[in-house]
Amino acid sequence: MKTAATVASHCPYCALQCGMGLAPEPRGLRVVSRDFPVNEGRLCRKGWSAAALLDHPERLRTPLVREKGVLREATWDEALDTVATGIRAIQERHGRDAVAVFGGGGLTNEKAYLLGKFARVALGTSQIDYNGRFCMSSAAAAGTRAFGIDRGLAFPEADLAGADAILLAGANVAETMPPLVRRLRRARERGGLVVVDPRRSATAENASLHLAPRPGTDLALSLGMLHAAVTGGMADESYLASRTSGFDEAWRVASRWWPERTESVTGVPAAELVAAVTALASARNAYILTGRGTEQHADGVDQVSGWINLALALGLPGTPGSGYGCLTGQGNGQGGREHGQKADQLPGYRSITDAGARAHVAGVWGVAPDSLPGPGRSAFELLDALGQPGGPRGLLVFGSNPLVSAPDAGRIERRMAALDLLVVADLVLSETAAAADVVLPVPQWAEEDGTMTNLEGRVLLRRKAAEPPEGVRDELGVLGDLAVRLGQPPERFPAAPEAVFDELRRASAGGPADYAGISYARLRAGEALHWPCPDESHPGTPRLFGKRFAHDDGRARFRAVDHRGPAESPDRDHPLWLTTGRVLAQYQSGAQTRRIPELAAEPSVEVHPETAGRAGLADGGMARVVSRRGAMVARVRHSPGIRPDTVFASFHFPGAGRANLLTNPALDPISRMPEFKACAVRLEPA
């Protein structure tokens, strides 16, 4: 059943959360244009084709249970009983932490919140994390230590349209967030659009200045730019004195990175580095924005801190019309990291080790504070411990496909095969679901109510436009039914999205990400509400840091960070750098977009023609890309715009085309982010 009128909704993919309409048709729903600030009626190819998956023949419509090595259809009662029995058996034998939960940055706020509550209350496990650890964790950590709070953009993205200069570090928005490109027009027309990327991406093609550093050297580049800003008299001395602390310590490091030394490490010409700084410093309004390219490293927090230091030196954050921001990736990448899916976090962006936070949230949940477990393993560490001595023996996966998206994916595949119980809730039989013992079919975005929080910190109500197929059940109800089977009172786990959101509001009240004043009623009325929003009379906070930052002293903090470089280096056997990323037609692990004919694509590797020639690889031919962990097979695309020492592969594909068979799981010591963006490889004909 679908509605009789067009329903105002939002795209299921990236963190822009573009507005769209869903119009009923005789055989389903059709995406139509809708005016909404972040996209003004525009959508990318993924958005226009999003409804094609709703009635796709590969939709899961009944639970599956593995019997004698084969998945077969089962009733919901049988599937949930199998899960509950398996959980009890594992925990009775191995302890509470022997069952783990892995969530996703595409889950609604309600699902992310209830999943964290389910893990800590119904399962009593500390072992919960989510795939956002692979996406936003480095930027989140860097932003928190600089500003005292983490929100991707501290300003509405529409503010970017007024910028005279914008620096994009490791962000290819022309392919990952196409509607955002129009906000760059003014900066490009004024010669102030600077793109930092080792390849000449679609975004770099339109840049005023393209800086192409060696993979893993962004921090050296930002240090060199900070040096140029200070020695060139471009630092904002008044801002430094009144709004920041720690500059002297940061400068002691940056003072050693004169432009010529920076060029020797990064490969970026000193003159181009100085030109980029001059463009930012001379602009009336300027922004520095970071993306995954500078964050997904074993020193990702420090790399982001380098860009924040540069932004602070130029006086950008908190200044009207200027700023620093992180381009959040997944659809609910912002909200998904605020309400309890993370290993060290409670709702409202509270720390799980804070006694006051534990007492507040336990009070909302009706449990004793000392019954809540402490922090658990981070995402990769959790996956790497599966089936190992002292590690989880059971895993519940919601909204993620780690067999494609995790680094060193072959290793994670072996770990999952060692589990006693693998449960996956998904809408299609993803690669991870195909390996499961129990598969639970769940709705898609247009088949449920729920809220998402976009990259600006704006909370959005995504409304139900159609009923899910018969046999499909919402995750909120699934978690509640499992909790009851595990001994919880039914009233502790509400199944209605609005009821869950009202509980989330109470749990987040007083926390950094305070949703207490945001209600479904206000969202239905069309109010634009950005957190923090502490009460129902509060208008929300679209712009942070206008008068003070979130640290107790109100100042932003420089960090003294220095370049270390990637965790591994090329050698004779692996002489090239591999960096990974997204392409226009695909999204994340591709479980959804690979099934839409209009978005058809195949694994490919971009190689400089000279590099390809030395490896004997013709344009359009097939290559093996080999790292110290594994190999992938992909079609060769000659690309004169990529560095000759670097190759690029997208990570959307399964099987032999999995780029994450190659990637390095070396972790950032603070964020626990794996190093997706730099590993040593060689090329050979396939």
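This report walks through a few spots in a predicted model, starting with one arginine and moving on to a helix, salt bridges, cores and some backbone oddities.

**A buried arginine**

Let's begin with R120, which sits in helix α3, residues 109–123. R120 is buried, yet it has no salt bridge. The nearest side chain of opposite charge belongs to D344, and that one is 6.7 Å away. A salt bridge needs a nitrogen and a carboxyl oxygen within 4 Å, so D344 at 6.7 Å doesn't make the cut.

What lies 2.6 Å from a polar atom of the R120 side chain? It's the backbone oxygen of G340. Leaving aside neighbours within four places in sequence, R120 also has plenty of other company: its contacts include T125, I128, K342, A343, Q345, L346, I352, W365 and P373.

**Helix α15 and its two faces**

One of those contacts of R120, W365, brings us to helix α15, which spans residues 355–365. The buried residues of α15 are A357, R358, V361, A362 and W365. They cover an arc of only 125° around the axis, so they end up on the same side of α15. Flip to the face turned away from that buried side and you meet the exposed residues A355 and G363.

What do the buried residues of α15 pack against? Their partners are α3, β14 (345–346), β15 (350–351) and α21 (497–508).

The ends of this helix are worth a look too. At the start of α15, a side-chain oxygen of D354 comes to within 3.1 Å of the backbone nitrogen of G356. After α15 comes G366, with a positive phi near 75°.

**Salt bridges**

How many salt bridges are there? The count comes to 45. Here are three of them, with the distance taken from N to O.

| Pair | N to O distance |
|---|---|
| R72 and E67 | 2.7 Å |
| R292 and E295 | 2.8 Å |
| R594 and E431 | 3.2 Å |

In the R72 and E67 pair, R72 is partly exposed at 28% relative accessibility, and E67 is partly exposed as well, at 42%.

R292 and E295 make a local pair: both lie in helix α13 (residues 292–295), three residues apart, or about one turn of the helix. An α-helix has 3.6 residues a turn, so residues three or four places apart point the same way. Both R292 and E295 are buried.

Then there's the salt bridge between R594 and E431. This pair links distant parts of the chain, 163 residues apart. R594 is in the loop between β23 (576–581) and β24 (604–607), while E431 belongs to helix α19, residues 431–434. R594 is partly exposed, with a relative accessible area of 23%, and E431 is partly exposed at 22% relative accessibility. Elsewhere, salt bridges that share partners join D384, D408, R411 and R415 into one network.

**Nonpolar cores**

Which residues have the most contacts inside the largest nonpolar core? They are F118, I166 and L168, in a core of 168 residues. Not counting residues up to four places away in sequence, L168 touches V173, L184, L193, V194, V195, V196, T203, L289 and L327. Apart from that largest core lies another one of 25 residues, among them L60, L395, L419 and A433.

**A leucine in α17**

L403 is in helix α17, residues 402–405. Is L403 buried or exposed? L403 is buried, with a relative accessible area of 5%. Leaving out residues up to four places away in sequence, L403 touches A409, I412, E413, M416, E431, T432, A435 and R658. E431 is also the salt-bridge partner of R594.

**Backbone oddities**

Finally, a few backbone details. The peptide bond from W531 to P532 is cis, with omega near 0°. P532 sits in the loop between β21 (529–530) and β22 (556–557). F545 lies in the loop between β21 and β22 too. The phi of F545 is near 70°, a positive value in a residue other than glycine, and F545 is buried with a relative accessible area of 11%.

Q17 also has a positive phi without being a glycine, with a value near 55°. You'll find Q17 in the loop between β1 (7–10) and β2 (19–25), where Q17 counts as buried at 1% relative accessibility.

How values were computed: Residues are numbered from 1 along each chain as its sequence is written. This is a predicted model: local features need pLDDT of at least 70, side-chain atom pairs count only at pLDDT 80 or more; totals for chains, interfaces and linings use all residues. Side-chain values use heavy atoms; hydrogens and water are left out. Helices (H or I, at least four residues) and strands (E, at least two) are DSSP runs, numbered from the N terminus. Buried means under 20% relative accessible area, exposed over 50%, partly exposed in between (1.4 Å probe, protein chains only). Lys and Arg count as positive and Asp and Glu as negative; His and the chain ends are not counted. A polar contact is a pair of N or O atoms within 3.5 Å; within protein, one must be able to donate a hydrogen and the other to accept it, and residues adjacent in sequence count only if both atoms are side-chain atoms. Contact means heavy atoms within 4.5 Å. The arc is that of the directions from the helix axis to the C-beta atoms. A nonpolar core is a set of buried Ala, Val, Leu, Ile, Met, Phe, Trp, Tyr and Cys residues joined through side-chain atoms within 4.5 Å.
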